[in-house]
Amino acid sequence: MDLIEAAGAERTLRQLYPYNSHFALHLSSCTRYPYVRVPSVLPRYDGRFRSFVPRVGTLLGETDTAEAAVALFVAHLPAGLGPAVADSADGLRR
């Protein structure tokens, strides 16, 4: 199973806005830039996956499968993260 399929199989992630940047899968609770940052997953050249927090640089872990990477991603989502809204992170703060 590839990363997109694994993420799509997770109900919690299907309510978020997906985008990619620098080869990584990112999800946000808003649909316009700047996005609300949550953990991201980067497929590695060796077939493994790296889960991390963008801009902070915190490595959450590396996994051998897309499913394990998605599980790690979900385990580090902020509490109460709701469905994506048509706004930016700046708009949500107002």
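Biologist: How many helices and strands does the protein have?
Modeller: This is a predicted model. Along the sequence, its elements follow the pattern α-α-β-β-β-β-β-α-α. The count is four helices and five strands.

Biologist: Is the protein compact or extended for a chain of 94 residues?
Modeller: The globule rule gives 12 Å for 94 residues. The radius of gyration here is 13 Å, which is close to that. Therefore the protein is as compact as a globular protein of that length.

Biologist: What box do the C-alpha atoms fill?
Modeller: The box is taken along the principal axes. Its size is roughly 40 × 25 × 20 Å.

Biologist: What share of the 94 residues counts as buried?
Modeller: Buried means under 20% relative accessible area. By that cut-off, the buried share of the protein is 36%.

Biologist: What part of the exposed area do carbon and sulfur atoms supply?
Modeller: The protein exposes about 5600 Å². Carbon and sulfur atoms supply 55% of it.

Biologist: How far apart do the centres of the positive and negative side chains lie?
Modeller: There are 10 positive and 9 negative side chains. Each set has its own centre. The distance between the two centres is 10 Å.

Biologist: Let us turn to single residues. Is Ser40 buried or exposed?
Modeller: Ser40 sits in strand β3, residues 40–43. Its relative accessible area is 0%. Buried means under 20%, so Ser40 is buried.

Biologist: Which side chain makes a polar contact with the side chain of Ser40?
Modeller: Apart from neighbours within four places in sequence, Ser40 is in contact with residues including Leu25, His26, Arg50 and Phe73. A polar contact needs N or O atoms within 3.5 Å. The side-chain pair here is at 2.5 Å. The partner of Ser40 is His26.

Biologist: Which peptide bond is cis?
Modeller: Most peptide bonds are trans. This one has omega near 0 degrees. Pro34, on one side of the bond, is found in the loop between β2 and β3. The cis bond runs from Tyr33 to Pro34.

Biologist: What is the phi of His22?
Modeller: Most residues other than glycine have a negative phi. His22 is not a glycine, yet its phi is positive. His22 lies in the loop between β1 and β2. Its phi is about 55 degrees.

Biologist: Is His22 buried or exposed?
Modeller: Its relative accessibility is 73%. Exposed means over 50%, so His22 counts as exposed.

Biologist: What is the phi of Phe23?
Modeller: Phe23 has its place in the loop between β1 and β2. It is exposed, with a relative accessible area of 76%. Its phi is positive, though Phe23 is a residue other than glycine. The value is near 70 degrees.

Biologist: Which residues does Ser88 contact, leaving aside neighbours within four places in sequence?
Modeller: Ser88 lies in the loop between α3 and α4. At 9% relative accessibility, it counts as buried. Its contacts include the two residues of the cis bond, Tyr33 and Pro34. The full list is Cys30, Arg32, Tyr33 and Pro34.

Biologist: How far apart in space are Ala7 and Leu25, C-alpha to C-alpha?
Modeller: Ala7 lies in helix α1 and is buried at 9%. Ala7 touches Leu13, Leu25 and Val70, not counting residues up to four places away in sequence. Ala7 and Leu25 are 18 residues apart in sequence. In space, their C-alpha atoms are apart by 9.2 Å.

Biologist: How far apart in space are Leu81 and Thr12, C-alpha to C-alpha?
Modeller: Leu81 is found in the loop between α3 and α4. It touches residues including Gln15 and Leu16. Leu81 and Thr12 are 69 residues apart in sequence. Their distance in space is 9.0 Å.

Biologist: Which residue has its backbone nitrogen 3.1 Å from a polar atom of the side chain of Asp46?
Modeller: Asp46 lies in the loop between β3 and β4. With a relative accessible area of 40%, Asp46 is partly exposed. The backbone nitrogen belongs to Arg48.

How values were computed. Residues are numbered from 1 along each chain as its sequence is written. This is a predicted model: local features need pLDDT of at least 70, side-chain atom pairs count only at pLDDT 80 or more; totals for chains, interfaces and linings use all residues. Side-chain values use heavy atoms; hydrogens and water are left out. Helices (H or I, at least four residues) and strands (E, at least two) are DSSP runs, numbered from the N terminus. Buried means under 20% relative accessible area, exposed over 50%, partly exposed in between (1.4 Å probe, protein chains only). A polar contact is a pair of N or O atoms within 3.5 Å; within protein, one must be able to donate a hydrogen and the other to accept it, and residues adjacent in sequence count only if both atoms are side-chain atoms. Contact means heavy atoms within 4.5 Å. The radius of gyration is taken over C-alpha atoms; the globule rule is 2.2 Å times the number of residues to the power 0.38. Accessible areas come from the Shrake-Rupley method with a 1.4 Å probe; for residues, only the protein chains shown count as cover. Lys and Arg count as positive and Asp and Glu as negative; His and the chain ends are not counted. The place of a charge is taken as NZ of Lys, CZ of Arg, CG of Asp or CD of Glu.
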